[in-house]
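This report describes the pockets of one protein model. Look at the structure first, then read on.

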Amino acid sequence: MIDFVKLSSSGISKIFYLDSVDSTNKFAKTEVTDDNVLIVAGFQSKGRGRFERSWQSDKGKNITVTLVKMLDISKVHLVNFYTSYIILRALKEITSANASGSEGLFRLKWPNDVLLNSKKIAGVLTELVNINENPKKFIIGLGVNVNQDSFPEEISHKATSLKKIFGADFSVNEVINTVIKCFYENLMLLEQESILMELWRLNTDIFGREVSFRVTENSEELKGEVVEIADDGGIKIKISDNNNSKKISTYYTGEISFIY
Ligand code: BTN
């Protein structure tokens, strides 16, 4: 059971448990007006990821939740970095107590993926409503693969779960409790941009890596080397053009893939 007492002392005011819903982010946008509301789904029929991709998750096996949080608009570029860092911290805490003896290395991948042993274990989809309001209602959707045993063929080479790596079932509710508690306990990091971003950078292996990069799902694929992630969240990539000359460009949105 999700520990409402523990979570309400952290800051959660209300929890919706939905056996099945199209998407917890969509539910949050249309049905929730209050601050600090958590929506927990057993199953999503139309879970969404970045770039309008679908986010598929077996019933009852994983975390599919959305947190509705009012935040100052000046935090807009930090929320994804903060949330992915929090998921990483919470998963490290949970698995450090795991007795299986299996090893797992959690890392972050720009802009907001959490990797376990180089495969994706969690993603964040943050959306905004009421463009003109401040503070703004942030719809923070978290997907974490906990007990998923297998993945659709097209993503099986790049997705993983706690169970796949550590070889044991984890309590989904315990993982939710830990992630949300960690989210509220560390909110001061949103006021400390350079510390937050340094913590994020310390948990990524991205620097100096050869990557392919796209700004959007269908845009041209660029290749280059990651040089820096700045405090404003921008990624600097040294791009090689067809004449083999190199220039450094900064991007604020997009997706990278490692070239092995
Ligand atoms: C990504 O990596 O592309 C982001 C995935 C975010 C998935 C979560 S699951 C809960 C919430 N509801 C959704 O429809 N999406 C997010």
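In this predicted model, domain 1 (4-202) and domain 2 (210-259) each give at least three residues to the lining of the largest pocket. The volume of the largest pocket is about 1,100 Å³. Its lining has 46 residues, and those closest to the centre are Arg53, Asp113, Lys120, Lys158 and Glu255.

Several elements supply at least two residues each to the lining of the largest pocket: helix H2 (24-31), strand S3 (63-71), strand S5 (113-116), strand S6 (119-129), strand S7 (136-144), strand S8 (210-214) and strand S12 (255-258). The largest share, five residues, comes from S6.

The second largest pocket holds about 420 Å³ of space. Of the 18 residues in its lining, Arg50, Asn80, Asn112, Tyr252 and Thr253 are the closest to its centre. Helix H3 (79-96) and S6 are the elements that give two or more residues to this lining. S6 gives the most, with four residues. The lining of the second largest pocket also draws at least three residues from each of domain 1 (4-202) and domain 2 (210-259).

The table sets out the residue classes in each lining.

| Pocket | Nonpolar | Polar | Charged |
|---|---|---|---|
| Largest pocket | 15 residues | 18 residues | 13 residues |
| Second largest pocket | ten residues | six residues | two residues |

Strand S6 thus appears in both descriptions: S6 supplies five residues to the lining of the largest pocket and four residues to the lining of the second largest pocket.

How values were computed. Residues are numbered from 1 along each chain as its sequence is written. This is a predicted model: local features need pLDDT of at least 70, side-chain atom pairs count only at pLDDT 80 or more; totals for chains, interfaces and linings use all residues. Side-chain values use heavy atoms; hydrogens and water are left out. On a 1 Å grid over the protein atoms alone, a cavity is a set of points where a 1.4 Å probe fits but cannot get out, and a pocket is an open set with protein on both sides within 12 Å along at least five of seven lines; lining residues have an atom within 4 Å of a point. Grid points are joined across faces, edges and corners, and a volume is the space filled by probe spheres set on the points. Ala, Val, Leu, Ile, Met, Phe, Trp, Tyr, Cys and Pro count as nonpolar, Asp, Glu, Lys and Arg as charged, and the others, Gly among them, as polar. Domain bounds come from an automatic or database domain assignment.
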